Amino acid sequence: MTLPTLLVLDADPPPRLGRLTGRVRVEHADDSTLAGRLPSADVLLVWDFTSHAVRAAWPGGGPRPRWVHTASAGVDHLMCPELAASDTVVTNARGVFDRPIAEYVAALVLAMAKDLPRTLALQRERTWLHRESRGVAGTRACVVGSGPIGRAVAGMLEALGVTTALVGRTARAGSDGTPAVHGGEDLDRLIAGADWVVAAAPLTESTRGMFDARRFGLMRSSAHFVNIGRGPLVVEDALAEALRQHRIAGAALDVFASEPLAPDSPLWDVPGLIVSPHMSGDTLGWRDELGAQFVELYELWAAGKPLVNVVDKQRGYVPGP
């Protein structure tokens, strides 16, 4: 019996495939070899979710895998017109990162409210400077992105006593008739009244650069901004200028337009900006969870059953309720 071929776009450490051992023929590729190996693959596992090699390699000639899975929530790094127009099914790692990212956002909100970055800086200077900090309960947040990550963030902030509005592509009513999810038409109004604005949206043509100088200008001078979605959601120069001019009180970026952030990037030195290296969803054991999720999906695929976490290739994300 001919075994299916699983092609893995590698990253270190490689995925643990557990019970798939002996049931698939595993081949490996990197950015330079992917194009040549795509035609022989039945399934492509994009383990290196920082690579854009799929976008470059997919338009080439020959057969293409029937299923592509990326070990990430976002799919913008692999989508191209040829893949979007094909019959290939694309799935993502929806569900793995929801709670870790929500915890990370909560930690950032608490850190900024309690002025922890300045406390640590003053400690290094051996400076005793008593200050008052801000309460979190009773403040308002606007979370932009109504997928599982955005909903998890909203739930975590609500648990802290933060009144939270969730904004999605289209409005959806809750069980009591009030908006469970606000539509994009409410975004400007909601961020203008928010103490915390959290970007958790997928990267699409309609969301690229959505947080620009105009949107930062709508925010309160006491507001804080957090991006744990995709780097290009934010016009970084506009955010830096808003912080330098004290138009908003602070911000935290875990994702950037170009990663890793270059050592000479001016973002490192922007006052009031917390920079972290795309780590908000990466808790201990996260790679094992990603591997286990792929194995479960493979079991469905091998049995001819419908896959879950199927991406709408035109929209660029998994449609949700």
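A residue counts as buried when its relative accessible area is under 20%, as exposed when that area is over 50%, and as partly exposed in between. Keep that scale in mind as we walk through this structure, which is a predicted model.

Let's try the scale on D195. Its relative accessible area is 7%, so D195 is buried. D195 has a charged partner, R134, and the two form a salt bridge whose closest N and O atoms are 2.7 Å apart. R134 sits in the loop between helix 5 (116-124) and strand 6, while D195 sits in the loop between helix 7 (187-192) and strand 10, so their pairing ties together parts that lie 61 residues apart in sequence. R134 has a relative accessibility of 24%, so this arginine counts as partly exposed.

Why might such partners meet at all? Side chains of opposite charge can pair when their charged atoms come close. In this structure, there are 16 salt bridges. Another one joins E299 to R23, with 3.0 Å between the closest N and O atoms. Here the link spans distant parts of the chain: E299 belongs to helix 10, R23 to the loop between strand 1 and strand 2 (25-29), and 276 residues separate them. E299 is partly exposed at 22% relative accessible area, and R23 is partly exposed at 34%. These two residues also have company, for R19, R23, E296 and E299 are linked in a network of salt bridges.

One more pair is worth finding: the side chains of E27 and R25 meet in a salt bridge, at 3.9 Å from N to O. E27 has a relative accessible area of 25%, so it is partly exposed, and R25, at 37%, counts as partly exposed too.

Now let's turn from charged residues to nonpolar ones. The largest nonpolar core has 47 residues, and V153 and F294 are those with the most contacts inside it. Several elements give two or more residues to this core, including strand 1 (5-9), strand 3 (43-46), helix 6 (148-159) and helix 10 (286-302). Which helix gives the most to this core? That is helix 4, with 9 residues.

To see the core from the inside, look at V153. Leaving out residues up to four places away in sequence, V153 touches I101, A102, V105, V143 and V198. Apart from this core lies another, made of 33 residues, with V167, F211, L253 and F256 among them.

Technical notes: Residues are numbered from 1 along each chain as its sequence is written. This is a predicted model: local features need pLDDT of at least 70, side-chain atom pairs count only at pLDDT 80 or more; totals for chains, interfaces and linings use all residues. Side-chain values use heavy atoms; hydrogens and water are left out. A nonpolar core is a set of buried Ala, Val, Leu, Ile, Met, Phe, Trp, Tyr and Cys residues joined through side-chain atoms within 4.5 Å. Buried means under 20% relative accessible area, exposed over 50%, partly exposed in between (1.4 Å probe, protein chains only). Helices (H or I, at least four residues) and strands (E, at least two) are DSSP runs, numbered from the N terminus. Contact means heavy atoms within 4.5 Å. A salt bridge is a side-chain nitrogen of Lys or Arg within 4 Å of a carboxyl oxygen of Asp or Glu.
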